[in-house]
Each structure stands twice: as C-alpha cells, then as structure tokens.
Amino acid sequence: MEDSQIVELFWRKDPEAISEAAKKYGAYCFAAAENILHAPEDSEECVNDAWLHAWNAIPPQRPGVLRLFLARIVRNLALDRFHARNAQKRGGGEIALVLDELGECLGGGPDAEAAYEAKELRESIRRFVEALPEREGNVLVRRYFFAEPVAEIAGRYGLSENHVMVILSRTRKKLRAHLLKEGYR
C-alpha cells in the first residue's frame, strides 16, 4: 500500500492504518529503536508506542514522508527510554558516544541536547545534511539519527571503519562551521 493511502487511513481514523503501517514499516522502525536501545523488548515497546503516537498525531499532521515521520517518532521514544534507563549511569553505549561526538559541534554542556531539539537548529541541520554529497549525508544520518555503530556503517558502504571515522570527523567540522555561521555557538 502506498504511503499516501496509509496516511489517508490514519486521517480517517481507520484502524487498518496501524496494521498497514506496521506491515510496511514495522521492521524499519524496530531497527531504528534497536540501534539505540539494544534491547529487543524495549525496542518492540517503542514501536508499539509509535503506532499510538502516529494515530494521535494524524490528524492534525499530514506527513509528507511517512517513513521519516514514523522514524522520528520511534527515535524520540527510544531516546526517551534510553535516557530513563540510563539516568543513573551515564557513559556506556552508543548513544552516549553519539551525543558526545555531536556535543563538540554544539559547544557541549548540559544544554547541548536541548539545543539540538530546538526547531531552528533542526532546520539548520536538515539544510546542512541536504547540501552534503549523498554518501557523507547518509553516513552522518546513519550515525547521528539512527545511532548505527561505525562498524555497521562501514559494512553498509564497503568502507573501512577508519574511513567512516574520517568522513564523520570531517563532516562534524563542516557542521561546526555551518552552525557557527548560523549563530548556534
């Protein structure tokens, strides 16, 4: 079923919308949550919660790209669950590493996550990513949006882990310069 048809089912509050979305994007959403949580039970709960969030969000929202709309919901739910689960013990896992890496672009500190969530900053980062060459953009998004480990990204694109790290380092420097120019540091 086409995304526009699934969105229309959500819009009409037809329960079939959830089963069609789950059929088409369930595995994709689970993978996004699992990259963050590394706990199948928690990832499955996030995906199930995502269907409810999508149900409540459509209408009034009418997503143009359903896959990305659902991925953003799942990612946010997984990050919330990750933060709740790791509130006492900071430092382990891929997400802490990802946030530390991005923190150098945002100036670090406890406000880095809040600044990252700001609407204007998201829009600036979106424009930055869209202007990147395709592979750089994909590597950046896989690492910092989906929190994929460097080894997985390297395997996906047939690169060495070192090459992926170099791409990420250079792209973060470009992002830092972009954000400075936009007034975010």
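In which loop does Lys-13 lie? Lys-13 belongs to the loop between helix H1 (3-11) and helix H2 (16-37). The model described here is predicted. This briefing concerns backbone geometry in its loops. Most residues other than glycine have a negative phi, and most peptide bonds are trans. The residues and bonds listed below depart from that pattern: Lys-13 has a positive phi, as does His-38, while cis peptide bonds join Ile-58 to Pro-59 and Pro-59 to Pro-60.

**Positive phi angles**

- Lys-13, in the loop between H1 and H2, has a phi near 60°, a positive value in a residue other than glycine.
- Lys-13 counts as partly exposed because its relative accessibility is 33%, and partly exposed covers values between the 20% and 50% cut-offs.
- His-38 is likewise not a glycine, and its phi is positive at about 55°.
- The loop that holds His-38 runs between H2 and H3.
- With a relative accessibility of 47%, His-38 therefore counts as partly exposed.

**Cis peptide bonds**

- Ile-58 and Pro-59 are joined by a cis peptide bond, for which omega is about -20°.
- Pro-59 is placed in the loop between helix H3 (40-57) and helix H4 (66-85).
- A cis peptide bond also leads from Pro-59 to Pro-60, with omega near 15°.
- Pro-60 is found in the loop between H3 and H4.

Technical notes:
Residues are numbered from 1 along each chain as its sequence is written. This is a predicted model: local features need pLDDT of at least 70, side-chain atom pairs count only at pLDDT 80 or more; totals for chains, interfaces and linings use all residues. Side-chain values use heavy atoms; hydrogens and water are left out. Helices (H or I, at least four residues) and strands (E, at least two) are DSSP runs, numbered from the N terminus. Buried means under 20% relative accessible area, exposed over 50%, partly exposed in between (1.4 Å probe, protein chains only).
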